[in-house]
Each structure stands twice: as C-alpha cells, then as structure tokens.
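The following exercises concern salt bridges, burial and surface patches in a single protein chain. Please work through each task before reading its solution.

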Amino acid sequence: MRIDWKQTLWKNPRLWILALSLALLLPAGAACQGMPVYDNTNFISMTKSLLESAKQTTELLKTVEFLKEQKDNIVKVNNTIKQLKAVRELARNNEILFRTVQNDLRDILNSPYIKAGEVEQVSRAFEQIMDTAIDDLDFVNQILSSDFLKMTDAERTAILMEKKVQSQEMVAELEVKTRRYREIISFRRMQDIINNRETEY
C-alpha cells in the first residue's frame, strides 16, 4: 500500500503546526543579529573622547572668560582715554575763555567807543559765561576726585563729553560776543573819523 505524503501532511495537525512554526520562526532567526556585545576597547576609547571633549570645553570656557575680561579692560581703558581727552579739551576751552575775558574784555571796556551805559551790559554778558564755566569746572572736579553719585565709567565719560561740548559752545558764544563788540567799536571809530573829517572841511 502506497502512502501519499501530501495527504498525510495535510491530515496530520501536529505536522502542520510544526511546519507552520518553522516557517514563522526561521526567517526571524536568520535575520536576527543577536544581542549587542560591548567591546571594552571601544568603551574606553569613547570615555577618553568624552573626557577630552570636556577638557576642551573647559579650556574654551576659560578662553571666553579671558576674552570677556580683556574686552572689559579695553572698554575701561577706552573710557579712561575718552575721559582724559574730554578733560583736556575742557581745560583748553576754559583757558581760552579766561584768556579772552582777561585780554579782550579789558580792551573792549577800555575803549572810548563803548558808552558808559554799555559797560555794565558787556560785563554782565561775559560774567555770565564765566560763572557757568567755573560751575562746570567745579562739577567736573567733583566727578573726577570722588566717586560722585556712584557713577560707572561710561556714565562719567558721558557727562564729561557733555561738559566738553558745553565748553565748546561757551567758547563759540564768547567769540561771537567779542567779535560783535569789536565790530561795534570799529564802526564807531570809523564814524568818528568821518565826522571829524567833515568838521575840518
């Protein structure tokens, strides 16, 4: 009697389950790579890399901190130079003011072409500028000699620069006033010469 294997396979449930299990499990087993195994050498190498990276990061942070400090120092030096220039400019402008008042004002007031009533007006105009200049110098002296109002270098520099500009404006104003009074004197002198020439004829 001849056995048909195909019929036996289909009729026997155990064989059917075994074949199905093998069919399902075999590809999964063939594709599986297994559990990863850590190599000690790779782990040590990775640790060294991480430590080196941390060291480089620390060095980089130190460099950044150093550069920040240097930038702060440069800003401080820059502010100091600005303050020095502003103070030097202030001193120069005030010297011009005092010299102008000392020389030009005396010449103007001593001129016979300035009327008696104008002397007080001229003196007051010059005196007002000089009072402002003296007050500004006193204020600047307080800023520089003491930690006035707990100001930062930048704030101190800003005030000094502002005072420098004001002193330039005062010099310009004084020069305008001096030139105007000199023009008045010159005009009156010319008028006097013309009047005297007419009387001689």
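**Exercise 1.** Determine how many salt bridges a search of the whole structure finds.

*Solution.* The criterion is a side-chain nitrogen of Lys or Arg within 4 Å of a carboxyl oxygen of Asp or Glu. Applied to the whole structure, the search yields seven salt bridges. The model is predicted, so local features need pLDDT of at least 70 and side-chain atom pairs count only at pLDDT 80 or more, while totals for chains, interfaces and linings use all residues. Residues are numbered from 1 along each chain as its sequence is written, and side-chain values use heavy atoms, leaving out hydrogens and water.

**Exercise 2.** Locate the salt bridges E89 to R92 and R124 to E120 within their helices.

*Solution.* Step one: helices are DSSP runs (H or I, at least four residues), numbered from the N terminus. Step two: E89 and R92 pair at 3.0 Å, N to O; they are three residues apart in helix α3 (residues 40–110), which means a separation of about one helical turn. Step three: R124 and E120 pair at 3.3 Å, N to O, and both belong to helix α4, four residues apart, about one turn of the helix. Step four: with buried defined as under 20% relative accessible area, exposed as over 50% and partly exposed as in between (1.4 Å probe, protein chains only), R124 is partly exposed at 48%, whereas E120 is exposed at 54%.

**Exercise 3.** Which parts of the chain does the salt bridge of D104 and R182 tie together?

*Solution.* The side chains of D104 and R182 meet at 3.2 Å, N to O. Because D104 lies in helix α3 and R182 in helix α5, the pair ties together parts 78 residues apart in sequence. D104 is partly exposed at 21% relative accessible area, as is R182 at 37%. A network of salt bridges links D104, D107 and R182.

**Exercise 4.** Is R188 buried or exposed, and which residues does R188 touch?

*Solution.* R188 lies in helix α5 (residues 153–200) and is buried, at 18% relative accessible area. Its contacts (heavy atoms within 4.5 Å) are Y113, I114, K115 and E118, not counting residues up to four places away in sequence. The side chains of R188 and E118 are joined by a polar contact of 2.7 Å; the term denotes a pair of N or O atoms within 3.5 Å, where within protein one must be able to donate a hydrogen and the other to accept it, and residues adjacent in sequence count only if both atoms are side-chain atoms.

How values were computed:
Helices (H or I, at least four residues) and strands (E, at least two) are DSSP runs, numbered from the N terminus.
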